[in-house]
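Please open the model in a viewer and keep the sequence panel visible. The tour below proceeds by selection, one stop at a time.

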Amino acid sequence: MVDYLANTEINSQRIAAVESCFGASGQPLALPGRVLLGEGVLTKECRKKAKPRIFFLFNDILVYGSIVLNKRKYRSQHIIPLEEVTLEPLPETLQAKNRWMIKTAKKSFVVSAASTTERQEWISHIEECVRRQLLATGRQPSTEHAAPWIPDKATDICMRCTQTRFSALTRRHHCRKCGFVVCAECSRERFLLPRLSPKPLRVCSLCYRELAAQKRKEEEEEEEEEQSVGSPRQPAYLAGAICGASSGDDDDSDEDKEGSGDGDWPSHVEFYASGVSWSSFHS
């Protein structure tokens with residue numbers, strides 16, 4: 001690792017350059033002891049299609065955003081604390097190579113690199129940073145992760161009822177618990193998922209039943225425990241659930257907000273040109 005770069009002029013200049021590229025829309029990134037270890041373009045699998053995203057690896061956070069003008073202007077900055085990150089390498093297929101999943105409690109998604117070597121560099125550097133950050137904070141590795149959203153193009157029919165066929169008039173929705181692509185009828189309910197949002201979120205019918213049953217069981221156990229010590233209370237086994245139809249504009253396209261209308265990347269330009277290294281790690 002390059003801890004010796006902390007508080008050096010070159011490190012400060014690198015971080016300032018990143019802040020400048022994100023502009024006023026991004027958060028300040030310079031902190032005492034923070035080191036920018038590497039950067040590069042990775043392909044992120046979003047809801048509708050795979051898109052290039054700029055990634056910056058610091059010794060304590062992972063930052064990524066949409067590309068407006070490469071190495072000059074980025075937007076839609078996302079910051080992930082590394083102590084929350086777990087990586088999962090994914091198997092190779094003819095259509096999908098050099099992929100791995102970045103998993104956190106709030107969001108999980110798949111990225112891919114230009115080559116096997118580049119993928120291994122990213123994974124090894126991130127895992128080492130995560131290990132050091134967990135040691136520094138005294139935290140245990142996270143065991144609960146958000147389900148990655150299945151891309152829209154993966155299915156033409158609802159993955160729950162298997163009857164509804166999607167079209168220009170029949171929208172796809174995503175269950176926030178399992179990540180499945182579902183129809184409106186199969187995702188009418190919402191449930192409070194505190195790890196993801198303070199507001200109840202859209203869930204599919206199967207996940208709703210499972211979550212409601214789990215909530216009911218927990219409430220009943222708490223009620224029995226309190227009654228045993230002489231402190232009864234009013235049952236509220238569905239306190240975390242809200243039944244009813246979800247509106248059609250309930251933030252169901254949050255995956256696409258990262259790059260909507262941002263001049264993302266010309267479709268005729270290859271993400272990775274032969275012989276060009278998109279990732280670099282500082283030393």
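Begin by selecting E39 and S280: S280, in strand β13, is the bridge partner of E39. Strands here are DSSP runs of E with at least two residues, helices are DSSP runs of H or I with at least four, and both are numbered from the N terminus. This is a predicted model, in which local features need pLDDT of at least 70 and side-chain atom pairs count only at pLDDT 80 or more, while totals for chains, interfaces and linings use all residues. Residues are numbered from 1 along each chain as its sequence is written, and side-chain values use heavy atoms, with hydrogens and water left out.

Next, extend the selection to residues 280-281, which form β13; this strand runs antiparallel to β1 and is joined to it by two bridges. Two strands count as paired if DSSP finds at least two bridges between them.

Now select residues 36-45, strand β1. Eight of its ten residues are buried, so β1 is largely enclosed by the rest of the structure. Buried denotes under 20% relative accessible area, exposed over 50%, and partly exposed in between (1.4 Å probe, protein chains only).

Add residues 50-58, strand β2, which pairs with β1 in the antiparallel sense over nine bridges. A hairpin of four residues connects β1 to β2. Within this pair, L42 lies opposite R53 of β2.

Then select residues 108-112, strand β7, which is antiparallel to β1 and joined to it by two bridges. Here T43 stands opposite S112.

Finally, display the whole protein chain, which contains three helices and 13 strands. Of its 283 residues, 42% are buried.
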